[in-house]
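Below are some notes for a reader who has not met this structure before. They are arranged as numbered points and can be checked against the view that follows.

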Amino acid sequence: MYAYQNEGLYFHHSLDESPREAQFVMHAHENCELYFFLRGEGTYFVEGNEYRLSPRCLLLMRPGETHKAQLSSSSPYERMAIHFSPRLLASIDPQGELLLPFYERQVGRMNLYRPEEYDAPFVLNCLNAMTRPAGEGDAARQLAVMCNLPPVLLELRRAFAKIPCGESAGPSRENEPQSRIGSVVEYINDNLTEDLNLTGLAARFFVSKSYLNQQFRQATGTTVWNYILLKRLMIARAAIRDGVSVTDAFARSGFNDYSAFYRRYRDRFGVSPKDDLPKKQN
């Protein structure tokens with residue numbers, strides 16, 4: 001219905017009259033995503049945890065957080081989403097306060113905000129204001145998004161601050177979804193640079209390898225090993241783009257074989273690790 005994209009910024013308002021399951025696969029982004037659900041029937045999986053969708057609920061995903069929608073084909077599916085690089089906010093928010101709801105939580109946890117938890121009409125008004133007439137140029141369209149994004153993030157920061165803190169001194173919600181696969185995902189993300197394999201994970205969580213892989217695929221859309229590879233590659237790419245040497249990024253991301261790392265990197269991103277270095281280092 002509407003889309004605007006440039007480097008580090010992508011906003012769209014989309015409608016699928018008859019959503020098909022094949023359209024929505026597990027994926028992850030290199031930027032933050034703010035997703036506003038307007039209508040449809042289904043659920044949203046983030047890092048293996050399931051969130052039931054309802055009109056005007058909002059989900060936040062930080063870079064590298066895997067997610068997918070599972071929608072009923074009998075109901076039109078409408079949503080708005082903004083993907084943005086955290087660097088776009090550096091000049092107005094050098095301390096990163098607006099990004100706390102994205103980063104100050106466990107992976108796959110506290111992604112969902114219900115309409116009663118934040119000012120949903122205000123956020124919807126801001127999102128609608130990002131849409132500009134087709135005749136307006138890119139400069140006006142970019143300005144519309146960038147002027148309305150900070151107020152939305154500020155409202156979510158206010159909602160995030162109201163969430164009670166648990167014993168860990170971090171925010172927590174009652175009845176926050178945490179499936180067994182969610183626990184597996186959390187463990188993987190906490191130990192990405194360690195020696196992770198299906199056999200060890202199955203033993204740790206007291207299930208068979210086949211059952212773990214089956215349940216993992218059902219919840220995330222991919223196998224345990226492909227998930228680990230994706231996460232390690234995204235860690236490496238983020239480091240390289242921040243100016244870390246390719247050798248150090250390889251060592252930090254949990255790979256043991258450089259040639260395998262290089263092949264996987266090219267297959268995933270379409271460029272070599274060196275090509276992703278900041279220009280002055282190429």
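Which exposed residues does the face of H6 turned away from its buried side carry?

1. The answer is Ser210 and Gln218, both exposed and both on the face of H6 that is turned away from its buried side. Please keep in mind while reading that the model is predicted.

2. Helix H6 covers residues 209-220, 12 residues in total. From its first C-alpha to its last it reaches 16 Å, close to the expected 16 Å at 1.5 Å a residue. Its buried residues are Leu212, Phe216, Ala219 and Thr220. They lie on the same side of H6, because the arc they cover around the axis is only 75 degrees.

3. What do the buried residues of H6 pack against? Two strands are involved, S4 (42-46) and S7 (67-71), together with the helices H4 (180-190), H5 (198-204) and H7 (224-241). Just after H6 comes Gly221, with a positive phi of about 90 degrees.

4. The largest nonpolar core has 35 residues, and Phe36, Phe84 and Tyr118 touch the most other members. At least two residues of this core come from each of the strands S1 (2-6), S2 (9-16), S3 (32-39), S6 (58-61) and S8 (77-84). The helices H1 (100-103), H2 (120-129) and H3 (138-161) also supply at least two each. H3 gives the largest share, seven residues.

5. Phe84 deserves a look of its own. Not counting residues up to four places away in sequence, Phe84 touches Gly8, Leu9, Asn31, Cys32, Leu89, Leu99, Phe102, Leu149 and Leu153. There is also a second, separate core of 16 residues; Val185, Phe205, Val207 and Phe216 are among them. Phe216 is also one of the buried residues of H6.

6. How many disulfides are there? The count comes to zero. The sulfur of Cys32 has its closest cysteine sulfur in Cys126, 18 Å away, and is therefore too far for a bond. For Cys147 the closest cysteine sulfur is again in Cys126, at 11 Å, which is also too far for a bond. As for surroundings, Cys32 counts as buried because its relative accessibility is 0%. Cys147, at 49% relative accessibility, counts as partly exposed.

7. Tyr4 lies in strand S1. Is Tyr4 buried or exposed? Tyr4 is buried, because its relative accessible area is 4% and the cut-off is under 20%. Leaving aside neighbours within four places in sequence, Tyr4 is in contact with Leu9, Tyr10, Phe11, Asp138, Arg141, Gln142 and Val145. Of these contacts, Val145 is 141 residues apart from Tyr4 in sequence, while their C-alpha atoms are 8.7 Å apart in space. The side chain of Tyr4 also makes a polar contact of 2.9 Å with the side chain of Asn6.

8. Glu78 is found in strand S8. With a relative accessible area of 12%, Glu78 is buried. Which side chain is joined to that of Glu78 by a polar contact of 2.6 Å? The partner is His13. Leaving aside neighbours within four places in sequence, the contacts of Glu78 are Met1, His13, Ser14, Leu15, Phe37, Leu38 and Arg39.

9. Two residues other than glycine should be checked for their backbone angles. Glu47 has a positive phi, near 50 degrees, and lies in the loop between S4 and strand S5 (49-52). Arg56 is not a glycine either, yet has a positive phi of about 70 degrees; Arg56 sits in the loop between S5 and S6. Glu47 is buried, with a relative accessible area of 1%, whereas Arg56 is partly exposed at 34%.

10. The last point concerns Glu21, in the loop between S2 and S3. Glu21 counts as exposed, because its relative accessibility is 65% and the cut-off is over 50%. Glu21 and Gln106 are 85 residues apart along the chain, and their C-alpha atoms are separated by 28 Å.

Conventions. Residues numbered from 1 in each chain as written. Predicted model: local features only at pLDDT ≥ 70, side-chain atom pairs only at ≥ 80, totals over all residues. Heavy atoms only, no water. Core = buried A, V, L, I, M, F, W, Y, C linked by side-chain atoms within 4.5 Å. Buried < 20%, exposed > 50% of the residue type's maximum accessible area, 1.4 Å probe, protein only. Helix = DSSP H or I, 4+ residues; strand = E, 2+ residues; numbered from the N terminus. Contact = heavy atoms within 4.5 Å. Disulfide = S-S within 2.5 Å. Polar contact = N/O pair within 3.5 Å; in protein donor to acceptor, adjacent residues only side chain to side chain. Expected span 1.5 Å × (residues − 1). Arc of directions from axis to C-beta.
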